[in-house]
Amino acid sequence: MKKNKIALITGVTGQDGAYLADLLLKKGYIVHGLKRRSSIFNTGRIDHLFNKNRDQETKFFYSYADLTDSSNLIRLIKKIEPDEIYNLAAMSHVKVSFDTPEYTANADGIGTLRILEAVRLLGIENQTKIYQASTSELFGKVQEIPQTEKTPFYPRSPYGVAKLYAYWITVNYREAYGLHASNGILFNHESPLRGETFVTRKITRAVANIALGFQQSLFLGNLDAKRDWGHAKDYVKSMYLILQQDEPDDYVIATGITTAVRDFIQKAFNYLGINIEYKGSGTEEVGLMSEIDFSRLEEIIGKKVKYLKPGMEIIKVDPFYYRPTEVDLLVGDATKAREVLGWKPKYNLDMLVEDMVASDIKLMKKDEYLKQGGFRIQPQIEDIL
Ligand code: NAP
Ligand code: GDD
């Protein structure tokens with residue numbers, strides 16, 4: 001009988017970890033997730049994977065680990081003997097990395113080294129493939145448009161710089177010790193499971209709350225930044241494909257289309273029949289509701305709307321969300337991934353926006369949301385897969 005492949009996913013409680021674990025389990029893998037200790041439950045995205053009643057065979061396991069703790073990682077990798085390691089764990093918030101630069105370097109930069117060293121020390125270079133979650137943040141102040149695997153890097157944040165170290169140490173271990181270690185240079189990818197403080201989810205949650213009458217306005221930072229946004233469900237497939245290749249290599253994963261934050265906002269409200277117009281500039285800029293198609297809005301949210309009217313100012317700028325150095329524009333060219341991996345995204349931006357807004361409407365409408373004072377912030381993955 002063919003043995004099930006064993007995957008180890010660091011950062012399994014995060015957005016990508018949840019989608020990837022689900023994908024690999026469906027492919028017949030045994031999946032071990034690493035999670036760090038938290039003072040509250042932080043397994044909302046993967047709860048459906050646990051066999052809570054212990055009544056049948058399970059293929060999903062988790063262990064406590066932290067990327068800042070080498071002995072912990074070595075012990076677990078020795079015990080689990082994974083065929084594939086997906087290193088997704090990271091302090092992944094760019095703005096927060098300006099506040100916690102040293103920790104970010106430790107977890108995101110040296111953390112990657114700890115995984116590579118563990119594989120080398122344990123002498124399992126020939127049996128364990130490694131995926132490193134690299135990022136379009138490496139391109140930062142972009143040196144060419146669109147960005148490819150050959151575009152020079154110019155990171156613009158402590159997060160980007162930590163990930164630069166992780167990228168190159170992965171390449172170095174591949175060249176120096178023959179590890180099957182690859183970088184996926186993924187552009188922004190979002191989903192209903194996206195963390196609530198990233199801009200897309202912050203917007204779709206607020207759009208749902210404003211439509212339902214639970215929130216009056218949304219404060220954001222730079223509305224002009226442009227990102228190449230895809231769906232996380234498509235992007236985790238590229239991680240799997242990268243590790244199925246005979247040879248390790250580095251790949252850009254992107255949609256090739258870039259959109260400004262202000263236009264993402266527009267799309268999210270348009271889905272509900274609301275049009276936004278902007279007036280003013282800089283910190284004085286506001287976005288107001290210029291038109292409302294009440295029949296569409298009421299049909300989607302399932303209730304009468306008396307609390308919204310054209311002219312209401314709902315988008316405001318708060319410089320708190322500005323970054324000391326910004327990445328103005330990202331747009332990737334994923335030709336290599338398409339040609340070598342056969343990777344092609346199924347979702348376009350309109351489908352992504354609809355998936356996120358519809359999920360947040362459903363989530364915010366649940367009674368629990370109000371009862372818990374707004375604390376139910378993650379949908380259950382089984383509701384949306
Ligand atoms: P995410 O939702 O923020 O998840 C990050 C995961 O890492 C969480 O499970 C988190 O645990 C865990 N983690 C953080 N610090 C850790 C530590 N010191 N030790 C162990 N675990 C730790 O991020 P994501 O969007 O899924 O992204 C996955 C990876 O891809 C990250 O490395 C990110 O930098 C990278 N990436 C993301 C994108 C994107 O657009 N999403 C694009 C390019 C690259 P908690 O749940 O306890 O916080
Ligand atoms: N988070 C946030 N909050 N961003 C805002 C806001 C706000 O209120 N207002 C405007 N923005 C702008 C940011 O300044 C940035 O230019 C853009 O929206 C996107 O911000 P994020 O959603 O926080 O994502 P990111 O692009 O900085 O980083 C994400 O993508 C990277 C890949 O390019 C993260 O997932 C990183 O981990 C990932 O590597």
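**Two ligands and one buried valine**

Student: Which helices and strand each supply at least two residues of the shell around ligand 1?

Tutor: This is a predicted model. In it, 26 residues surround ligand 1. The elements that each supply at least two residues of this shell are helix H1 (15–26), helix H4 (101–121), strand E5 (129–135) and helix H5 (158–177).

Student: Which element gives the most to the shell around ligand 1?

Tutor: Strand E5 (129–135) is one of the elements that supply at least two residues of the shell. With three residues, the element that gives the most is E5.

Student: How many charged residues does the shell around ligand 1 have?

Tutor: The closest residues to ligand 1 are Thr13, Ser92, Tyr103, Tyr159 and Lys163. Sorted by class, the shell has eleven nonpolar and ten polar residues, and its charged residues number five.

Student: What percentage of the accessible area of ligand 1 does the protein cover?

Tutor: Polar atoms of the protein approach ligand 1 at several points. A backbone N or O atom of Asp16 is 2.9 Å from an oxygen atom of the ligand, and a polar side-chain atom of Asp66 is 2.9 Å from a nitrogen atom of ligand 1. For Ala90, a backbone N or O atom lies 3.2 Å from an oxygen atom of ligand 1. Ligand 1 has 890 Å² of accessible area on its own, and the part covered by the protein is 89%.

Student: Which residues are the closest to ligand 2?

Tutor: The shell around ligand 2 has nine nonpolar, eight polar and six charged residues. In total, 23 residues surround this ligand, and the closest are Thr135, Ser136, Tyr159, Arg323 and Glu326.

Student: What percentage of the accessible area of ligand 2 does the protein cover?

Tutor: A backbone N or O atom of Ser92 lies 2.6 Å from an oxygen atom of ligand 2. A polar side-chain atom of Arg194 is 2.8 Å from an oxygen atom of the ligand, and a polar backbone atom of Val199 lies 2.8 Å from an oxygen atom of ligand 2. On its own, ligand 2 has 720 Å² of accessible area, of which the protein covers 95%.

Student: Is Val119 buried or exposed?

Tutor: Val119 is found in helix H4. Leaving aside neighbours within four places in sequence, Val119 is in contact with Ile85, Ile124, Glu125, Thr128, Ile130 and Leu179. Because the relative accessible area of Val119 is 0%, and the cut-off is under 20%, Val119 counts as buried.

Definitions and conventions
Residues numbered from 1 in each chain as written. Chains lettered and ligands numbered in written order. Predicted model: local features only at pLDDT ≥ 70, side-chain atom pairs only at ≥ 80, totals over all residues. Heavy atoms only, no water. Near = heavy atom within 4 Å. Polar contact = N/O pair within 3.5 Å; in protein donor to acceptor, adjacent residues only side chain to side chain. Areas by Shrake-Rupley, 256 points an atom, 1.4 Å probe, with all protein chains shown as cover. Nonpolar A, V, L, I, M, F, W, Y, C, P; charged D, E, K, R; others polar. Helix = DSSP H or I, 4+ residues; strand = E, 2+ residues; numbered from the N terminus. Buried < 20%, exposed > 50% of the residue type's maximum accessible area, 1.4 Å probe, protein only. Contact = heavy atoms within 4.5 Å.
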